[in-house]
Amino acid sequence: MPADIAPVPPGREPVPCRVVVCRGCCCGTPKVTGVDHAAQTARLRSLVPVRVSECLDVCEQANVIVVQPSAKGRAAGARPVWFGLVNDPDATEDIAARARAGGPGVAPLPDILDLYTMTPPRRRTPS
């Protein structure tokens, strides 16, 4: 290791790109037919850190996957990228490949994933 690069102390490794999958409302249920939701989640987990959310409040876009930027991506100013209608194994593979490559702010978004990107819902303000 070059002298000007300090080793990363254990437990202080850079935060990787993470994925959030919606799985408690419409996403991840039989309401979205023809998708093996458990296999999709397992495949993502085999490649990147995954967190499961009960509901991301965009049921009309089921199945929803959010890719959160890594520490490097956040340092570059990246924001989470939301993908909707991810009901195809190839789309799952493309999303996972981008996340493994560094995700938002690090790896370019493949053109094919433009078809799945969506605008996240606005946070509701308390009434």
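Helix 1 lies across strand 1, strand 2 and strand 3, and runs at about 150 degrees to strand 2. The model is predicted. The exercises below work outward from this packing.

**Exercise 1. Lay out the fold.**

Task: Find how many helices and strands the protein chain has, and in which pattern they follow one another.

Solution:
- Step 1. Count the elements. The protein chain has 3 helices and 5 strands.
- Step 2. Read along the sequence. The pattern is β-α-β-β-α-β-α-β.
- Step 3. Assemble the sheet. The 5 strands form an open sheet, ordered 2-1-3-4-5, with mixed pairing.
- Step 4. Find the edges. Strand 2 and strand 5 (117-118) each have a single partner strand, so one side of each lacks a neighbour in the sheet.
- Step 5. Look at one pair. Strand 1 and strand 3 run antiparallel, joined by 4 bridges. Arg18 stands opposite Gln68 in strand 3.

**Exercise 2. Find the buried side of helix 1.**

Task: Determine which residues of helix 1 (residues 37-47) are buried, and what covers them.

Solution:
- Step 1. List the buried residues. They are His37, Gln40, Thr41 and Leu44.
- Step 2. Check their directions. These residues cover an arc of only 95 degrees around the axis, so they sit on the same side of helix 1.
- Step 3. Identify the cover. It includes strand 1 (18-22), strand 2, strand 3 and helix 3 (89-100).

**Exercise 3. Place Asn63.**

Task: Decide whether Asn63 is buried or exposed, then describe its surroundings.

Solution:
- Step 1. Locate the residue. Asn63 is in the loop between strand 2 (50-53) and strand 3 (65-68).
- Step 2. Apply the cut-off. Buried means under 20% relative accessible area. Asn63 has 0%, so Asn63 is buried.
- Step 3. Look for a polar partner. The Asn63 side chain makes a polar contact with the His37 side chain at 3.2 Å. His37 is itself one of the buried residues of helix 1.
- Step 4. Survey the contacts. Beyond four places in sequence, Asn63 touches residues including Arg23, Cys27, Val35, Gln40, Phe83 and Asn87.

**Exercise 4. Trace the salt bridge.**

Task: Find which side chains meet in a salt bridge, and which parts of the chain the pair links.

Solution:
- Step 1. Count. The structure holds 1 salt bridge.
- Step 2. Name the pair. The side chains of Arg43 and Glu93 meet at 2.6 Å, N to O.
- Step 3. Place both ends. Arg43 is in helix 1 and Glu93 in helix 3, 50 residues apart, so the pair links distant parts of the chain.
- Step 4. Check exposure. Arg43 has 35% relative accessibility and counts as partly exposed. Glu93, at 32%, also counts as partly exposed.

**Exercise 5. Examine Ala78.**

Task: Establish where Ala78 lies and what it touches.

Solution:
- Step 1. Locate the residue. Ala78 lies in the loop between helix 2 (71-75) and strand 4 (81-83).
- Step 2. Classify the residue. Its relative accessible area is 17%, so Ala78 is buried.
- Step 3. Compare sequence and space. Ala78 and Gln68 are 10 residues apart in sequence and 8.7 Å apart in space, C-alpha to C-alpha.
- Step 4. List the contacts. Leaving out residues up to four places away in sequence, Ala78 touches Pro69, Gly73, Pro104 and Gly105.

**Exercise 6. Step back to the whole chain.**

Task: State what share of the 127 residues counts as buried, and what share of contacts is long-range in sequence.

Solution:
- Step 1. Burial. In the protein chain, 39% of the 127 residues count as buried.
- Step 2. Contacts. Among contacts with a separation of 6 or more, 67% come from residues 24 or more positions apart.

Notes
Residues are numbered from 1 along each chain as its sequence is written. This is a predicted model: local features need pLDDT of at least 70, side-chain atom pairs count only at pLDDT 80 or more; totals for chains, interfaces and linings use all residues. Side-chain values use heavy atoms; hydrogens and water are left out. Helices (H or I, at least four residues) and strands (E, at least two) are DSSP runs, numbered from the N terminus. Buried means under 20% relative accessible area, exposed over 50%, partly exposed in between (1.4 Å probe, protein chains only). A polar contact is a pair of N or O atoms within 3.5 Å; within protein, one must be able to donate a hydrogen and the other to accept it, and residues adjacent in sequence count only if both atoms are side-chain atoms. Contact means heavy atoms within 4.5 Å. The arc is that of the directions from the helix axis to the C-beta atoms. A salt bridge is a side-chain nitrogen of Lys or Arg within 4 Å of a carboxyl oxygen of Asp or Glu. Two strands pair if DSSP finds at least two bridges between them. Axes are lines fitted to C-alpha atoms, for helices over the stretch in contact, and angles run from 0 to 180 degrees between N-to-C directions.
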